[in-house]
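Subject: Two-chain model, handed over with notes

Hello,

Here is the structure for your files. My notes on it follow below.

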Amino acid sequence: MKTIATCIAAILLALSAGAAWAQSAGPTDPQIAAIVVTANQVDIDAGKLAKSKGHSKEVRDFALRMITDHSGVNKSATELVQKLHVTPEPNPTSESLQKGGDENLAALKKLRGHAFDKAYVDHEVAYHEAVLQAMDKTLIPSAQNAELKALLVKVRPAFVAHLDMAKELQTALGKSGA
Amino acid sequence: MRLLTGALVALSLTASAAAGPGASHTVTIENMQFQPQELIVHRGDRIVWVNKDLFPHTVTADKIFDSGSIASNASWSYSARKSGEYAYGCTFHPTMKGKLKVQ
């Protein structure tokens, strides 16, 4: 369980490093593109694991929803960067996100049953909170291209809804105990 | 001829005032919301839900109507047959809620 907490800390650190950017120059559009694509991909990968390994149907359904929704966002993000001729540029934030995602997967793979569900959902709550914070403090304010900014604004409500859904699951899992 | 035109106009007015051919309404699904969130229609009207989000949604009122998955940029329509007030939502995203009033 310590490992999951470490992963969440890694995500928060990665994204708050992004927040620190806001005071200086802020990430460039190619860097934002890499952060967006990585953030979505990390959650798709966790969802794929939870869809097959999740114990409760609710958790598996939630995982499927994360795969579908974040894939939809990434499809649009990829189409947009191609249209704008922006090449996503890996940066410390996107790299930390990837590392945090990999560590989360490794930690989750060691768990099963209710413990797996709880760890996955706890991570989803922290992840969506961290991404929302990064969107509001860094990504949306820093985006220069109007269409890139508009895409971020457009997908924000989905992250809010996902966070609500994850929190509700977290409460339900807490009640089901074990 | 003029009389006939007048009769036709009168007929068509009567028709639309009664059951009518049915008006068409559009509800946009965007930013995880149904817009307008509440819609009032008449029996026989057609409602089209257009999904402008980047991923699928559903339009589902328990035991009344269920669109199934509506893909991004796709739409689904429903003809209101029975009067009543129907709360509906998206089964994929329970935070999304709308209301259809059929008069």
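Which residue of chain B stands opposite Ser75(B) in S7(B)? That residue is Val50(B). Before the rest, please keep in mind that this is a predicted model.

Chain B: the sheet around S7

The pairing just mentioned belongs to an antiparallel pair of strands: S4 of chain B, residues 46–51, is joined to S7(B) by five bridges. Elsewhere along S7(B), Ser77(B) has Val48(B) opposite it. Both strands are part of an open sheet of four strands in chain B, with the order S2-S1-S4-S7 and mixed pairing. S7 and strand S2 (33–35) form the edges of the sheet, each of them pairing on one side only. On average, and with direction ignored, neighbouring strands in this sheet are turned by 20° against each other.

S7 of chain B covers residues 75–79 and has two faces. Trp76(B) and Tyr78(B) make up the covered face, while Ser75(B), Ser77(B) and Ser79(B) lie on the uncovered one.

Two residues of chain B

I looked at Ile47(B) and Arg81(B) individually. Ile47(B) sits in strand S4 of chain B. Is Ile47(B) buried or exposed? Ile47(B) is buried, because 20 other C-beta atoms lie within 10 Å. Leaving out residues up to four places away in sequence, Ile47(B) touches His25(B), Val27(B), Leu39(B), Val41(B), Ser77(B), Tyr78(B), Ala80(B) and Leu100(B). Among these, Ser77(B) belongs to the uncovered face of S7(B) and Tyr78(B) to the covered face. As for Ala74(B), its C-alpha atom is separated by 14 Å from that of Ile47(B), and the two residues are 27 apart along the chain.

Arg81(B) is found in the loop that runs between S7 and strand S8 (84–89) of chain B. Arg81(B) counts as exposed because it has 12 C-beta neighbours inside 10 Å. The C-alpha atoms of Arg81(B) and Asp45(B) are 8.0 Å apart, with the two positions 36 residues apart in sequence numbering.

Chain A: helices

Chain A has six helices and zero strands, and its elements run α-α-α-α-α-α from the N terminus on. It consists of 178 residues, of which 43% count as buried. Among contacts in chain A with a separation of 6 or more, 83% come from residues 24 or more positions apart.

Two helix pairs were examined. In the pair of H2 (residues 29–53) and H3, the helices of chain A pack at an angle of about 155°, with their axes 8 Å apart. H2(A) and H3(A) are therefore roughly antiparallel to each other. The crossing of H2(A) past H3(A) is left-handed. Sorted by class, the residues of this contact are 13 nonpolar, seven polar and four charged.

The other pair is H4 (residues 92–109) and H5 (residues 113–142) of chain A, which pack at about 165° with their axes 10 Å apart. H4(A) and H5(A) are therefore roughly antiparallel to each other as well. Here the crossing is right-handed. On the H4(A) side the contact has Asn104(A), Ala107(A) and Leu108(A); on the H5(A) side it has Phe116(A), Ala119(A), Tyr120(A) and His123(A). These residues divide into five nonpolar, two polar and no charged.

Where the chains meet

How many residues does each chain bring to the contact between A and B? Chain A brings 13 residues and chain B brings 10 residues. On the side of chain A that touches chain B, helix H3 (57–83) and helix H6 (146–176) each supply at least two residues. H6(A) gives the most to that side, with seven residues. By class, the side of chain A that touches chain B has six nonpolar, three polar and four charged residues. H3(A) thus appears in two places in these notes: in the packing with H2(A), and on the side of chain A that touches chain B.

Regards

Methods:
Residues numbered from 1 in each chain as written. Chains lettered and ligands numbered in written order. Predicted model: local features only at pLDDT ≥ 70, side-chain atom pairs only at ≥ 80, totals over all residues. Contact = placed C-beta atoms within 7 Å. Nonpolar A, V, L, I, M, F, W, Y, C, P; charged D, E, K, R; others polar. Pairing = 2+ DSSP bridges. Axes fitted to C-alpha atoms, helices over the stretch in contact; angles between N-to-C directions. Parallel < 35°, antiparallel > 145°, perpendicular 65-115°, else oblique. Left-handed = near helix turned anticlockwise from the far one by under 90°.
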